[in-house]
Amino acid sequence: MNALTGEPSFRQSVDLMFTRAAALMDLPPGLEEKIRVCNSTYTVRFGVRLRGEIQTFTGYRSVHSEHTEPVKGGIRYAPSVNQDEVEALAALMTYKCALVEAPFGGSKGGLCIDPRHYDADELEKITRRFAYELIKRDLIDPAQNVPAPDMGTGEREMAIIADQYARMNTTDINARACVTGKPIHAGGILGRVEATGRGVQYALQEFFRHPDDVKKAGMSGTLDGKRVIVQGLGNVGYHAALFLSVEDGCKITHVIERDGAIENPDGIDIDAVADWIRRHGGIKDCPFGTYHAEGARLLEAECDILIPAAMEGVINMHNAAAIQASLIIEAANGPVTAGADEILRHKGTVVIPDLYANAGGVTVSYFEWVKNLSHIRFGRMQRRQEESRHQLIVDELERLSADSGIGWTLSPDFKQRYLRGAGELELVRSGLDDTMRAAYQSMREVWWSHDKVTDLRTAAFLVSIGRVAKSYQAKGI
Ligand code: NAD
């Protein structure tokens, strides 16, 4: 229990949500606890010489469930990182991977550090040392534990981790598969950087394909014209907001950042705001909307869809009743506390839960891991063959048209698009879209068919726990 807020801790919150769903299942005695508890958490304290003195850092790698290996989960750099948080995030990874059928157990790592206080060289030294500590204990390994980026980390840190692993395992031919989210020149995959935000977009697109579900959220129609609030314009929030506004016609009316928020009822230009934040270090004085110093208050503003994409616990027992959005999609991990979830459920707010909503990242990480293990880029074998078969059809249609005197022609735009074979990016997006659709459908089936399931989160947990349970039972546990 958090003494300041009077709410359960993040890990307790995840456990409460788990227990709520498990109570509706008929699991063999003991299995519920086996699935719920975190298998192990390793804490490391290490020193790095920086600015003429040794600085000591604390890091964690938690393994929640090894029902399938390797285990998978990001590494977060933030001053607030602690064991409870890392264990909560590791548990969510177990359920998330099961829901999207990525063949991994759940894990998570974190380092207590504010990365903004260090330059690139210092961060490299710190990351190498942290990676060294985890690699030597097999807590980073292509067959056992595969990290990825999370809050405060990105491609650069993943490339450093991959390089550190390769230095320590010079004969491991699969070394690159020890971590995902790497830059493309270091064994990464196209579409990984955008993957979590893209997954949020695909999740919403799938939700709006089901008019009955949309009606439950008190809305109708498509995504076009929907008013959206986004909290956190980092990796996940930026990509989700960009794609929803540019490709689906949503209006981003509020962007909330750590130093305030901006509001513009006509819709905010996401690229312009992201560029402002990059150049000025925050959203304050941003000229693309009206500035509000108390950013978090705007979570309660009027809108259709609320996207918390920054951090956990932002929608809690203190503000849940005031939230006006009728649909919340949890792009961040754990943004709605268990207490707030209860309040929102009673209000009839539809919450698309984190274990589904932000699973785009781990899905494309899975594709990257497979690419690294197969040592070949997706699409390399079939792209040109596919193009030549399409060319055959186009040539034949044009010949038939000319011979029969009908005289119609294929438009240049159609021809160009039809003739283009799928490269890696197209295949990754297709695989991600398919994954997000299938996972949503598995959740909604439970949501609509189980009379005691009144929300998508419980439905998602039921699907995930069922799959993990089957995996344990197959092993005789
Ligand atoms: P990030 O570090 O790229 O971005 C976080 C953003 O939130 C930053 O712009 C930061 O300024 C802002 N922020 C921080 N504290 C805030 C506050 N109190 N109020 C408003 N804004 C605040 O992180 P990210 O990778 O985008 O991750 C965001 C969330 O998504 C986390 O919960 C993370 O666990 C989750 N997530 C990330 C990924 C991924 O692939 N990166 C995958 C799944 C889930």
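Which side chain has an N or O atom 2.8 Å from an oxygen atom of the ligand? Select Thr196 and you have it: an N or O atom in that side chain sits 2.8 Å from a ligand oxygen. Keep in mind as you click around that this is a predicted model.

**Stop 1: the ligand**

Stay on the ligand and add Asn235 and Val236 to your selection. This time, look at the backbone. A backbone N or O atom of Asn235 lies 2.9 Å from an oxygen atom of the ligand, and a backbone N or O atom of Val236 lies 2.9 Å from a ligand oxygen too. Now throw a surface on the ligand: on its own it has 830 Å² of accessible area, and the protein covers 86% of that.

**Stop 2: the shell**

Next, bring up the whole shell, which holds 22 residues. Colour Arg76, Asp150, Thr196, Glu257 and Asn333 separately, since they come nearest to the ligand. If you prefer colouring by residue class, expect 9 nonpolar, 8 polar and 5 charged residues. Then switch to cartoon and pick out α8 (235–248) and β7 (251–257), each of which supplies at least two residues of the shell.

**Stop 3: two domains**

Zoom out and colour by domain. The assignment gives domain 1 (40–188) and domain 2 (189–382 + 422–459), so type domain 2 in as two ranges. Where does the shell around the ligand draw its residues from? Both domains contribute, with at least three residues from each.

Drop a centroid on the C-alpha atoms of each domain and you'll get 24 Å between the two centres. At the interface, 36 residues of domain 1 are in contact with 30 residues of domain 2. The two domains bury about 2,400 Å² between them, and 64% of that is on carbon and sulfur atoms. To see who does a good share of it on the domain 1 side, select Lys96, Leu99 and Val100: they supply 24% of the area that domain 1 buries against domain 2, more than any other three residues.

**Stop 4: backbone oddities**

Two loops round off the tour. Go to the one between β2 (53–65) and β3 (71–78), where you'll find Pro70. Check the peptide bond joining Glu69 and Pro70: it is cis, with omega about 5°.

Then move to the loop between α4 (120–135) and β5 (145–149) and select Asp138. What is the phi of Asp138 near? The answer is 60°, a positive value in a residue other than glycine.

Definitions and conventions:
Residues numbered from 1 in each chain as written. Predicted model: local features only at pLDDT ≥ 70, side-chain atom pairs only at ≥ 80, totals over all residues. Heavy atoms only, no water. Near = heavy atom within 4 Å. Polar contact = N/O pair within 3.5 Å; in protein donor to acceptor, adjacent residues only side chain to side chain. Areas by Shrake-Rupley, 256 points an atom, 1.4 Å probe, with all protein chains shown as cover. Helix = DSSP H or I, 4+ residues; strand = E, 2+ residues; numbered from the N terminus. Nonpolar A, V, L, I, M, F, W, Y, C, P; charged D, E, K, R; others polar. Contact = heavy atoms within 4.5 Å. Buried area = accessible area lost by both parts, 1.4 Å probe.
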